[in-house]
Amino acid sequence: SKNPLLGIFLFAQFMKDIYSPYSRKIVIYGYFEKLINSKSKIERIKVLFYVILGVIEFFTINQLSSISFIILFYVLPILCTLVVSSVKSGKLLTKNLLSSILALVEYLVMGNLFNNLGLWSKFVARNSMKINNGEIQISNNMLSPLQIVFVIVLYFGVGYLIYYFAKKMKNRG
């Protein structure tokens, strides 16, 4: 029996990842199918969270300010990792690692979609500003190597810091 969440996820993933090579889709779908069919409810909730987040990002990118973008793409995934780490089941490092992987995959898929549909260039044009002698400039490519390194360090670094401090607190108590 197929899980109904799998159908929803595959459709959402197809909509977001339409420009990727087919072979990448199979790898991504296989990974998420394992998560969705896992016995852990928290894993299913994480996948559903990122699907919903991706849909929200897709339908609001034309209205997002820079601050809203930061909240949706950087703050909410970190909060998800914090919430997941507070659940008292499973290994904390594994939960944080999986949460970081999900956040990264969601970022890469949305970045690919936004770049291919031209939504990112519109976002950059709308949110870049010149103030007196200063300038707020946004990268022209959401998937530039520097941006991807930043996202990896952010998601996995915060996941590790949560694990590190939770372990220290556990050892003290």
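Trainee: What share of the 173 residues in the protein chain is buried?
Mentor: Keep in mind that we are looking at a predicted model. A residue goes into the buried group if its relative accessible area is under 20%. Of the 173 residues in the protein chain, the buried ones make up 40%.

Trainee: And how much area does the protein chain expose, and what percentage do carbon and sulfur atoms supply?
Mentor: Happy to take the two parts in turn. The exposed area of the protein chain is about 10,400 Å². Carbon and sulfur atoms supply a share of that area equal to 68%.

Trainee: Which pattern of helices and strands does the protein chain follow along the sequence?
Mentor: The chain has 7 helices and 2 strands. Reading along the sequence, you meet them in the order α-α-α-α-α-α-β-β-α.

Trainee: What percentage of the contacts between residues at least 6 apart joins residues at least 24 apart?
Mentor: Start with the contacts in the protein chain whose partners are at least 6 apart in sequence. Then pick out those whose partners are at least 24 apart, and the share is 72%.

Trainee: Let's turn to one residue. Is Asn-96 buried or exposed?
Mentor: Asn-96 sits in helix 5, which covers residues 92-117. Its relative accessible area is 1%, and the cut-off for the buried class is under 20%. Asn-96 therefore counts as buried.

Trainee: Which residue's backbone oxygen does the side chain of Asn-96 reach?
Mentor: Leaving out residues up to four places away in sequence, Asn-96 touches Thr-81, Ser-85, Gly-159, Ile-162 and Tyr-163. The side chain of Asn-96 comes to 2.9 Å from a backbone oxygen, and that oxygen belongs to Gly-159.

Trainee: Ser-100 is in helix 5 too. Which residues is Ser-100 in contact with, leaving aside neighbours within four places in sequence?
Mentor: Ser-100 has 1% relative accessibility, so this residue counts as buried. Once neighbours within four places are set aside, its contacts are Tyr-155, Phe-156 and Gly-159.

Trainee: How many aromatic pairs does a search of the whole structure find, and what is the geometry of the pair Phe-58 and Phe-59?
Mentor: The search of the whole structure gives 14 aromatic pairs. For Phe-58 and Phe-59, the ring centres are 5.2 Å apart and the planes make an angle of 80°. Planes over 60 degrees apart fall in one class, so the pair is edge-to-face.

Trainee: Which of these classes fits Phe-59: buried, partly exposed or exposed?
Mentor: Its partner Phe-58, at 28% relative accessibility, counts as partly exposed. Phe-59 has 62% relative accessibility, and the cut-off for the top class is over 50%. Phe-59 therefore counts as exposed.

Trainee: How many residues apart are Phe-69 and Phe-123, the pair that links distant parts of the chain?
Mentor: Phe-69 counts as buried at 6% relative accessibility, and Phe-123 is buried at 1%. Their rings form a tilted pair, 5.3 Å centre to centre with 40° between the planes. Phe-69 lies in helix 4 (residues 66-86) and Phe-123 in helix 6 (residues 119-127), and the separation is 54 residues.

Trainee: Which residues do ring pairs link into a cluster?
Mentor: Phe-69 and Phe-123 both belong to the cluster. The full membership is Phe-69, Phe-73, Tyr-74, Tyr-107, Phe-114, Trp-120, Phe-123 and Phe-150.

Trainee: Last one: what accessible area does the nonpolar patch with Leu-82 have together?
Mentor: Leu-82 is in helix 4 and is partly exposed, at 40% relative accessible area. The surface patch also includes Ile-67, Ile-70, Ile-71, Val-75 and Leu-79. Together, the accessible area of the patch is about 480 Å².

Definitions and conventions:
Residues are numbered from 1 along each chain as its sequence is written. This is a predicted model: local features need pLDDT of at least 70, side-chain atom pairs count only at pLDDT 80 or more; totals for chains, interfaces and linings use all residues. Side-chain values use heavy atoms; hydrogens and water are left out. Helices (H or I, at least four residues) and strands (E, at least two) are DSSP runs, numbered from the N terminus. Buried means under 20% relative accessible area, exposed over 50%, partly exposed in between (1.4 Å probe, protein chains only). A polar contact is a pair of N or O atoms within 3.5 Å; within protein, one must be able to donate a hydrogen and the other to accept it, and residues adjacent in sequence count only if both atoms are side-chain atoms. Contact means heavy atoms within 4.5 Å. Accessible areas come from the Shrake-Rupley method with a 1.4 Å probe; for residues, only the protein chains shown count as cover. Rings of Phe, Tyr and Trp (its six-membered ring) pair if their centres lie within 6.5 Å; planes under 30 degrees apart count as stacked, over 60 as edge-to-face and the rest as tilted. Patches are made of residues with over 30% relative accessible area and no salt bridge: like charges are joined within 9 Å, nonpolar side chains (Val, Leu, Ile, Met, Phe, Trp, Tyr) within 5 Å. A salt bridge is a side-chain nitrogen of Lys or Arg within 4 Å of a carboxyl oxygen of Asp or Glu.
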